[in-house]
Structures are given as C-alpha cells and as structure tokens.
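Grab a viewer and work through these exercises. Each one sets a task and then walks through a solution.

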Amino acid sequence: MALNRDPYVLVVGGSDSSGGAGIARDIETISGVGLRACVAVTAVTVQTHQSVTAIHHMQPGLVADQMRAALRANRVSAIKIGMLSTARVIAAVAAVLSENPRIPAVLDPVLASSSGRQLLEPGAIGVLKRDLMPLCRLVTPNLVELAILTGSDLAVDDDDALRQGRRLLAAGPQALLIKGGHATGPRSTDVLLSPGQEPVHVDMPRLAGSMRGTGCMLASAIAAHLAGAKPLEDSVREGKRLVFEKLLRCIEREPGSGA
C-alpha cells in the first residue's frame with residue numbers, strides 16, 4: 001500500500017471506554033482542526049466519567065510496532081503522547097521518537113485520572129524525565145503534574161509555578177507549557193517556557209464549569225497545529241482557544257444555563 005500523503009497526527013495513549021478522555025478525545029479534537037489521526041494504544045482502561053475500574057497495559061514491543069506501522073502507512077507530521085503507564089512503555093515510545101527526530105512530539109504527562117486513579121507507575125517518572133521529555137517539542141503539565149514531576153509541593157503562586165517550570169525545563173524538554181486550569185482567578189493562564197526566552201502567557205477568561213479531557217484536547221490541538229507547520233507559540237494559542245470554545249459550548253448546553 002502506498003504511503004498516505006495527507007498529514008496525520010499519530011496519537012499514542014490509552015483508551016477511555018467512556019469517551020471522555022484519552023484516544024477518543026484526541027481523535028475528536030484533531031478531526032476538529034481538520035486533520036486525520038492514526039493511533040498506537042498503550043493501555044486499555046475500563047472507566048466511566050466518575051472512576052477507573054481496570055487498566056490493561058500493552059506490551060512495550062506492541063506499542064512500538066503500532067507506532068512504526070502508523071509511521072510507515074501515513075505522512076505523520078506530529079505526534080501526541082498521553083497515557084504511558086509503565087517505564088518499559090516509555091522506553092519503547094522514546095526509541096521510536098529517536099528514530100524520527102524531525103517529527104514534533106507533544107507530551108501530555110498523564111499521571112492520574114480525574115478521579116484520582118494512578119495511571120503511571122511511580123518508578124516510571126524518572127524514566128519519563130530522562131528518556132522521553134528531551135525528545136519532545138513540548139511537554140504540557142498542569143500544576144499538580146508539575147509538582148509531582150519536580151518533587152515539589154503544589155505551587156502557591158505564579159512565581160512558584162515558574163520556578164518549578166524552569167527546574168523541569170532544565171531536565172531536558174525543548175519547551176514546557178504550564179497549564180493554569182487548577183489555579184484561581186478570573187483568567188485561565190498557561191505559561192509557555194522555552195530555554196533562553198522570556199515566558200509567554202496565553203490566557204482566556206476562566207469559565208465556571210469543568211469538563212473531562214481538556215488536557216487531552218489541548219495537547220492534541222497543539223500537535224495538530226504543529227502538524228500544519230504553525231510555530232509553537234501560535235499552535236499553543238490556537239489550542240488554548242479551541243479548548244475555551246469547546247468548554248463554553250459544553251456549559252451553554254447544561255440545563256439551566258439559559259442557552
């Protein structure tokens with residue numbers, strides 16, 4: 001079969017049987033940007049919107065084989081990475097990224113589900129930071145993930161979050177996006193950090209509502225825009241706008257919203 005010449009985003013992550021996050025949310029988002037997605041499944045989860053009841057991990061070799069097959073079949077222009085679950089899977093994904101250094105990868109460091117279920121084994125964090133993050137064009141932790149990845153308490157203010165971000169950036173990512181969704185205030189502000197550059201603040205009004213899968217959506221949207229050859233800052237701004245508009249529509253559809 002000939003290589004498909006349409007630009008694709010390769011999604012590497014776990015399934016979510018509820019459809020609220022994971023690969024299903026990634027494909028939906030990438031399609032909304034106008035691109036197609038191919039997939040490599042790292043884990044199969046049994047979950048509702050409230051809880052995760054079971055996780056079945058894929059063998060590392062199978063994950064790598066899925067990625068290589070997708071790369072052979074399609075013109076993959078960006079890679080979005082979500083749930084990885086084990087150190088061996090992380091190493092397998094890193095090996096494939098090393099073989100394809102020109103394809104930008106966006107890593108959403110999924111450490112736990114919204115309900116609190118651990119999705120990455122504790123010993124794998126060091127492998128994630130050492131072997132995978134330096135290969136990624138962008139890493140997108142929220143404030144909780146940032147604290148865990150830096151071995152810190154949750155940031156108490158913006159300056160504290162920036163200190164933690166710079167510490168993590170020194171571990172090797174090419175750029176870091178600190179997501180501000182867990183913060184407070186009238187604006188939801190994400191901060192883009194790149195080595196040797198001033199922080200770039202990307203914000204939208206903070207909405208009085210929540211939705212599962214916003215982290216998946218943001219990383220997928222950024223990857224899709226990178227696949228379209230947009231600069232990183234523009235890709236981050238477009239991704240932030242997409243998540244804001246999706247959340248706004250979700251809130252407007254809620255009973256009693258007046259919409």
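**Exercise 1.** Is Ile81 buried or exposed? Work it out from its relative accessible area, then place the residue in the fold.

*Solution.* Bear in mind that this is a predicted model.
- Step 1: the relative accessible area of Ile81 is 0%.
- Step 2: the cut-off for buried is under 20%, so Ile81 counts as buried.
- Step 3: in the fold, Ile81 belongs to strand S4, which covers residues 74-81.

**Exercise 2.** Find out what Ile81 is in contact with, leaving aside neighbours within four places in sequence.

*Solution.*
- Step 1: collect the partners. They are Val12, Val93, Leu97, Ala105, Val106, Leu107, Asp108, Leu132 and Cys136.
- Step 2: pick Cys136 and check the separation. It lies 55 residues from Ile81 in sequence, yet the C-alpha to C-alpha distance is 9.3 Å.
- Step 3: look at the cover on this partner. Cys136 has 0% relative accessibility, so it counts as buried.
- Step 4: zoom out to the protein chain. Among contacts between residues at least 6 apart in sequence, 69% join residues at least 24 apart.

**Exercise 3.** Which residues have the most contacts inside the largest nonpolar core? Trace the core from there.

*Solution.*
- Step 1: the core has 48 residues, and Leu10, Ile81, Leu84, Val93 and Leu132 have the most contacts inside it.
- Step 2: ask which helix gives the most to this core. That's H3 (residues 87-99), with 8 residues.
- Step 3: follow Leu132. Beyond four places in sequence, its contacts are Ile81, Leu84, Ile90, Val93, Ala94, Leu97, Leu107 and Val127.
- Step 4: don't stop at one core. A second, separate one has 26 residues, including Ala219, Ala224, Leu226 and Leu242.

**Exercise 4.** How many cavities of 30 Å³ or more does a search of the whole structure find? Say what lines the largest.

*Solution.*
- Step 1: the search turns up 1.
- Step 2: the volume of the largest cavity is about 40 Å³.
- Step 3: its lining is made by Gly82, Met83, Leu84, Leu107, Asp108, Pro109, Val110, Leu111, Leu120 and Leu128.

**Exercise 5.** How many disulfides does the structure hold? Check the cover on Cys38 too, then finish with the chain totals.

*Solution.*
- Step 1: the disulfide count is 0.
- Step 2: Cys38 has 9% relative accessibility, so it counts as buried.
- Step 3: of the 259 residues in the protein chain, 52% are buried.
- Step 4: the chain exposes about 11800 Å², with 53% supplied by carbon and sulfur atoms.
- Step 5: its secondary structure comes to 8 helices and 9 strands.

Notes: Residues are numbered from 1 along each chain as its sequence is written. This is a predicted model: local features need pLDDT of at least 70, side-chain atom pairs count only at pLDDT 80 or more; totals for chains, interfaces and linings use all residues. Side-chain values use heavy atoms; hydrogens and water are left out. A disulfide is a pair of cysteine sulfur atoms within 2.5 Å. Buried means under 20% relative accessible area, exposed over 50%, partly exposed in between (1.4 Å probe, protein chains only). Helices (H or I, at least four residues) and strands (E, at least two) are DSSP runs, numbered from the N terminus. Contact means heavy atoms within 4.5 Å. Accessible areas come from the Shrake-Rupley method with a 1.4 Å probe; for residues, only the protein chains shown count as cover. A nonpolar core is a set of buried Ala, Val, Leu, Ile, Met, Phe, Trp, Tyr and Cys residues joined through side-chain atoms within 4.5 Å. On a 1 Å grid over the protein atoms alone, a cavity is a set of points where a 1.4 Å probe fits but cannot get out, and a pocket is an open set with protein on both sides within 12 Å along at least five of seven lines; lining residues have an atom within 4 Å of a point. Grid points are joined across faces, edges and corners, and a volume is the space filled by probe spheres set on the points.
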